[in-house]
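Q: Please take one part of the structure shown below and examine it closely. I am new to this structure and would welcome a connected account that then moves on to other parts.

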Amino acid sequence: MKIAATRPLPGPAWDELEDVVLGERPDAEILVVMNEPVAFDDYPQLRLVANFSVGYDNIDVEECRRRGIAVSNTPGVLDAATADLAFGLILAARRRIAEGDRAIRAGGWRLGGPAREVTGATLAVIGMGRIGSAVARRAAGFDMRVVGVRSREGDLDDALREADVVSLHVPLSDLTRGLVSRGRLALLRDGATLVNTARGAVVDEEALVEELASGRINAGLDVFVHEPHVPERLRDLPNVVLTPHIASATVETRAAMTRVVVDNVLAFERGEPLLNPVM
């Protein structure tokens with residue numbers, strides 16, 4: 001089958017695919033995307049969208065269903081890497097590691113105030129799927145009290161009120177867009193830490209900037225609403241650690257994700273069921 005890809009994928013498995021064109025290819029039957037949106041009218045013969053990501057909010061699944069286009073993603077293989085980064089952001093934000101690094105590079109030595117403990121703190125994990133559960137397991141090594149939240153609003157509000165650290169692990173959907181609203185950010189206790197490795201739009205970004213600017217909370221963010229754009233006010237704040245959507249960006253995990261993409265494409269070409277169907 002004719003394959004188009006928005007960019008080459010990392011790892012040796014990528015070389016197993018044949019007849020791949022990078023960029024636009026109107027006759028493509030299979031399209032490999034790396035979180036990019038799909039312009040369906042550019043691919044009138046499209047039969048499969050293979051997404052190099054576990055999240056698929058970049059794809060209009062209902063439009064795919066209407067057009068009879070299959071969709072696959074890459075769940076499971078990036079759980080550990082994402083959980084590692086989430087916990088790294090917890091440590092960096094709570095212990096002011098990035099601030100300390102910037103202070104020394106600027107010729108200074110002291111921070112403006114003390115850090116916050118991680119060991120023994122209460123961690124609210126919002127979204128107890130595979131990644132959220134992996135974060136909870138890592139928290140056990142720091143003797144953290146873990147509060148897992150799935151979907152009920154009352155549970156979420158209560159968890160936000162009592163948590164020292166909140167880590168977000170929900171997919172982006174109509175139900176979760178703006179889930180951590182201005183009102184819910186106000187529920188966070190003074191000195192709390194918000195970590196987001198899910199999707200930027202799960203949080204009201206403007207309200208978060210205002211809360212951070214007040215100095216009342218701090219944060220570690222790997223995702224943003226309009227990537228790669230990061231609001232200037234957010235970039236200027238000292239009490240937030242920012243990373244460029246790199247939760248899965250390890251050599252090992254990216255190679256494993258490519259393996260999953262390629263296996264789904266090969267199965268589809270053979271007329272077999274997808275290994276990781278979204279729909």
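A: In this predicted model, L123 of strand β6 has V146 as its bridge partner in β7. On the strand β8, L123 stands opposite V165. These two pairings place L123 between a partner in β7 and one in β8, and they offer a convenient entry to the strand as a whole.

Strand β6 covers residues 122–126. The strand is joined to β7 by 5 bridges, and the two run parallel. With β8 (residues 165–168), β6 shares 4 bridges, again in the parallel sense. In general, strands of a sheet pair through backbone hydrogen bonds, in either a parallel or an antiparallel manner.

How many of the residues of β6 are buried? The count is 5 of the 5, so the strand is largely enclosed by the rest of the structure. The side chains of a regular strand alternate between the two faces of the sheet. In β6, one side carries T122, A124 and I126, while the other carries L123 and V125; all of these are buried, and both faces are thus covered.

The link from β6 to β7 (145–149) can also be followed along the chain. Together with helix α4, the two strands make a right-handed β-α-β unit. Helix α4 spans residues 130–140, and the loop between α4 and β7 holds F142.

F142 leads to another part of the model. With F87, F142 forms an aromatic pair of the tilted kind, with 4.9 Å from centre to centre and 35° between the planes. The count of aromatic pairs comes to 1. F87 lies in helix α2 (residues 79–94), so the pair ties together parts that are 55 residues apart in sequence. As to accessibility, F87 is buried, at a relative accessible area of 5%, whereas F142 is partly exposed, at 28%.

The loop between α2 and α3 (97–105) contains R96. This residue has a positive phi, near 60°, and is not a glycine. R96 counts as buried, with 16% relative accessibility.

A further sheet may be set beside this picture. It is open and has 5 strands in the order β2-β1-β3-β4-β5, with parallel pairing. Its edge strands, each of which pairs on one side only, are β2 (20–22) and β5 (70–72). On average, and with direction ignored, neighbouring strands of this sheet are turned by 20° against each other. Within the sheet, β1 (residues 3–5) and β3 (residues 30–33) are parallel partners over 3 bridges, and I3 is opposite I30 in β3. Helix α9 (residues 251–269) lies across β1, β3, β4 and β5, and runs at about 165° to β4.

Finally, helix α7 (residues 205–214) has E205, A207, L208, V209, E211 and L212 as its buried residues. In an α-helix there are 3.6 residues a turn, so residues three or four places apart point the same way. The buried residues of α7 pack against α6, β9, β10, α8 and β11. At the N-terminal end, α7 is capped by D204, with a side-chain oxygen 3.3 Å from the backbone nitrogen of E206. Just after the helix, G215 has a positive phi of about 80°. In the loop between β10 and α8 is P228, which is joined to E227 by a cis peptide bond with omega of about 5°.

Notes. Residues are numbered from 1 along each chain as its sequence is written. This is a predicted model: local features need pLDDT of at least 70, side-chain atom pairs count only at pLDDT 80 or more; totals for chains, interfaces and linings use all residues. Side-chain values use heavy atoms; hydrogens and water are left out. Two strands pair if DSSP finds at least two bridges between them. Axes are lines fitted to C-alpha atoms, for helices over the stretch in contact, and angles run from 0 to 180 degrees between N-to-C directions. Contact means heavy atoms within 4.5 Å. Rings of Phe, Tyr and Trp (its six-membered ring) pair if their centres lie within 6.5 Å; planes under 30 degrees apart count as stacked, over 60 as edge-to-face and the rest as tilted. Buried means under 20% relative accessible area, exposed over 50%, partly exposed in between (1.4 Å probe, protein chains only). A polar contact is a pair of N or O atoms within 3.5 Å; within protein, one must be able to donate a hydrogen and the other to accept it, and residues adjacent in sequence count only if both atoms are side-chain atoms. A crossover is right-handed if, with the strands pointing away from the viewer, the path from the first strand over the helix to the second runs clockwise.
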